[in-house]
Amino acid sequence: MASAALRSTEFEDTRPKEGGRPIDMVYLARQTLGDPGLEAEILMLFSRMASTYLDRISNSEDENEVAHGLHSLKGAAAGIGAAGIAMEAQAAESEFRDTGKLSEERLCDLAMKVEEVQVFITGILSS
């Protein structure tokens with residue numbers, strides 16, 4: 001997906017409603033052509049990848065690595081229908097671009113969104 005196409009307004013329609021799922025499962029099913037095995041594999045990979053990128057974003061002193069991690073996390077989240085993470089990563093990208101750093105609050109918000117999705121994924125995969 002082209003980065004120019006990733007605007008916050010694109011995530012609004014797939015944003016989970018209060019009490020809703022953190023991943024748009026209908027969107028994910030369309031992306032995987034309804035293949036439950038592929039869906040499970042993608043969710044496992046995303047969960048691991050999200051942890052890796054979040055760790056790099058949180059701990060790296062290399063500005064390029066932080067920017068790359070935020071952008072990659074945003075795109076991967078959008079690709080599976082995890083709009084909350086995609087929107088938070090996009091906001092973090094903007095903050096980082098504007099200030100050259102990320103606030104602790106922004107990092108915590110991003111980490112909370114990732115954890116929420118990972119708990120959801122664990123629930124899906126264990127059922």
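Q: Angles under 35 degrees count as roughly parallel, over 145 as roughly antiparallel, 65 to 115 as roughly perpendicular and the rest as oblique. Why, then, are α5 and α6 called roughly antiparallel?

A: This is a predicted model, in which local features need pLDDT of at least 70 and side-chain atom pairs count only at pLDDT 80 or more, while totals for chains, interfaces and linings use all residues. Residues are numbered from 1 along each chain as its sequence is written, and side-chain values use heavy atoms, without hydrogens and water. Helix α5 (residues 83-99) packs against α6 at about 160°, taken between N-to-C directions on a scale from 0 to 180 degrees. That value is over 145, so the two are roughly antiparallel.

Q: What makes α5 a helix here, with its own number?

A: A DSSP run of H or I with at least four residues is a helix (strands are E runs of at least two), and numbering starts at the N terminus. Helix α5 covers residues 83-99.

Q: Which hand does the crossing of α5 and α6 have?

A: It is left-handed: the near helix is turned anticlockwise from the far one by less than a right angle (clockwise would be right-handed).

Q: How do you know which residues of α5 and α6 meet?

A: Contact asks for heavy atoms within 4.5 Å. On the α5 side this picks out Gly 84, Ile 85, Glu 88, Ala 89, Ala 91, Ala 92 and Glu 95, and on the α6 side Arg 106, Asp 109, Leu 110, Lys 113, Val 114 and Val 117. By class, the contact has 7 nonpolar, 1 polar and 5 charged residues. Here Ala, Val, Leu, Ile, Met, Phe, Trp, Tyr, Cys and Pro are nonpolar, Asp, Glu, Lys and Arg are charged, and the others, including Gly, are polar.

Q: What makes α3 roughly antiparallel to α4?

A: Their axes, lines fitted to C-alpha atoms over the stretch in contact, are 9 Å apart and meet the angle test with about 155°. With that angle over 145, α3 is therefore roughly antiparallel to α4. The pair crosses left-handed. Among the contacting residues are Phe 46, Tyr 53 and Ile 57 of α3, and Val 66, Leu 70 and Ala 77 of α4. The classes in this contact are 13 nonpolar, 3 polar and 2 charged.

Q: Why does the pair of α4 and α5 earn the label roughly antiparallel?

A: Here the angle is about 155° and the axes lie 8 Å apart. Since the angle is over 145, α4 is roughly antiparallel to α5. Their crossing is left-handed. In this contact α4 offers residues including Val 66, Leu 70 and Ala 77, while α5 offers Ile 85, Ala 89 and Phe 96, among others. The contact divides into 11 nonpolar, 2 polar and 3 charged residues.
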